[in-house]
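Subject: Handover of a structure for your review

Dear colleague,

Please find below the structure that I am handing over to you. I would be grateful if you would read the notes that come after it with the coordinates open.

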Amino acid sequence: MAANPPKESIRALVPGAKDHSGNEVLHVLASGNEYAIYEIKHPDINYRLRVFLDGYTDQSEQVLADRFARVKQKYIEAKGLLYRSPNFGMMKNRVAHALATALSSDVVDPTSEFDALINALKKEAILALTNRLAYVLPTIVFTITNAFIAVCAMHVRTTHPHFWQIGCVLLATSLGSTMSILIGAKNLQFEEYPNWFHYLYIGLVRVFLACVAGTIAYILIRAKFIFPQILESDFWKAMAVVIVAAFSETFVPNMLSRAEKKEATDDK
């Protein structure tokens, strides 16, 4: 079998070509004389990885089919975990390599490599989930605490209006920071660092920056550097500005720049 050249059907599977089902081939991940493991262009990521067997004889094809049957369940399990992996590009090559090894030779335990790969994928998923939770934990605690403070401040709104305003500012700041952190989480690679406290630190820094931005925005409003009439017209509009300031990293610097330009123009 090894002495024969690759079959024409196998050699035809190249990037840009069509496979036997009419799918466009994106990448050939592994191939032998009588088999190919490749990725097709498909909107659903779960259907992209394909295996094609084509033996020179019925007997040689049956050998390949038997080898594939021995690892089929493990291959399906690994493929199911693969599509949830943030390292899809690297892990799909590992899946293809493990399957190619099983198809190329009669190893004693063809599932051992898949077992190692499946364990790696599961550990990667657990690591990513742990790190993600560590990243969002500070803003969750911050938001719940400030919501409690705001509710308490509501009861003394008439007697201590400043305390109520501070509670609202804290809640607005936490809401803005929560939106920023949750949206920004999509752009982070949570399996990049193995230590969860690294992401906890990043989350704490983001919350601290949001607090600083929200506080500065409220001070600028109170000082009438920005939106000078907003507190007199509608207090909740001012809170909306605080939310935007906590959400956007560039809002406060832009407002400070505009206030500086305004002051320079007034001096002239």
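The notes below go from the whole chain to its cores and then to three individual residues.

Please bear in mind that this is a predicted model.

Overall form

The protein contains nine helices and three strands. Read from the N terminus, the order of these elements is α-β-β-β-α-α-α-α-α-α-α-α. The protein is more spread out than a compact globule, because its radius of gyration is 29 Å, well over the 18 Å that the globule rule gives for 268 residues. Taken along the principal axes, the box filled by the C-alpha atoms is roughly 90 × 40 × 25 Å.

Of the 268 residues, 38% are buried. Among contacts with a separation of 6 or more, 63% are between residues 24 or more positions apart. The exposed area of the protein is about 15,400 Å², and 62% of this area is supplied by carbon and sulfur atoms. As for charge, there are 27 positive and 25 negative charges, and the mean positions of the two sets lie 7 Å apart.

Nonpolar cores

The largest nonpolar core has 26 residues, and those that touch the most other members are Ile37, Leu49, Tyr75, Leu82, Val95, Leu99 and Phe114. Two or more residues each come from β1 (25–31), β2 (35–40), α2 (58–82), α3 (88–104) and α4 (112–154). With nine residues, α3 gives the most to this core.

Which residues does Tyr75 contact, leaving aside its neighbours within four places in sequence? Its partners are Leu49, Val51, Phe68, Val95, Leu99 and Phe114. Another core, of 15 residues, lies apart from the one just described; among its members are Ile221, Ile226, Met239 and Val241.

Three individual residues

Ile230 belongs to helix α7, which covers residues 230–233. Is Ile230 buried or exposed? Its relative accessible area is 11%, which is under the 20% limit, so Ile230 is buried. Not counting residues up to four places away in sequence, Ile230 touches Ile221, Phe235, Lys237, Ala238 and Val241. Of these partners, Ile221 and Val241 are also among the members of the core of 15 residues. Leu220 is 10 residues from Ile230 in sequence, and their C-alpha atoms are 11 Å apart in space.

Gln165 is located in helix α5 (residues 161–184). Gln165 counts as buried because its relative accessibility is 18%, and the cut-off for this class is under 20%. Beyond its neighbours within four places in sequence, Gln165 is in contact with Tyr218, Arg222 and Phe235. Phe235 is thus listed as a partner of Gln165 and also as a partner of Ile230.

Ala246 sits in helix α8 (residues 235–247). At a relative accessible area of 7%, Ala246 is buried as well. Where residues up to four places away in sequence are not counted, Ala246 touches Thr173, Gly176, Ser177, Ser180, Ala210 and Ala213. Along the chain, Ala246 and Leu209 are 37 residues apart, while 7.7 Å separates their C-alpha atoms.

With kind regards

Note on methods:
Residues are numbered from 1 along each chain as its sequence is written. This is a predicted model: local features need pLDDT of at least 70, side-chain atom pairs count only at pLDDT 80 or more; totals for chains, interfaces and linings use all residues. Side-chain values use heavy atoms; hydrogens and water are left out. Helices (H or I, at least four residues) and strands (E, at least two) are DSSP runs, numbered from the N terminus. The radius of gyration is taken over C-alpha atoms; the globule rule is 2.2 Å times the number of residues to the power 0.38. Buried means under 20% relative accessible area, exposed over 50%, partly exposed in between (1.4 Å probe, protein chains only). Contact means heavy atoms within 4.5 Å. Accessible areas come from the Shrake-Rupley method with a 1.4 Å probe; for residues, only the protein chains shown count as cover. Lys and Arg count as positive and Asp and Glu as negative; His and the chain ends are not counted. The place of a charge is taken as NZ of Lys, CZ of Arg, CG of Asp or CD of Glu. A nonpolar core is a set of buried Ala, Val, Leu, Ile, Met, Phe, Trp, Tyr and Cys residues joined through side-chain atoms within 4.5 Å.
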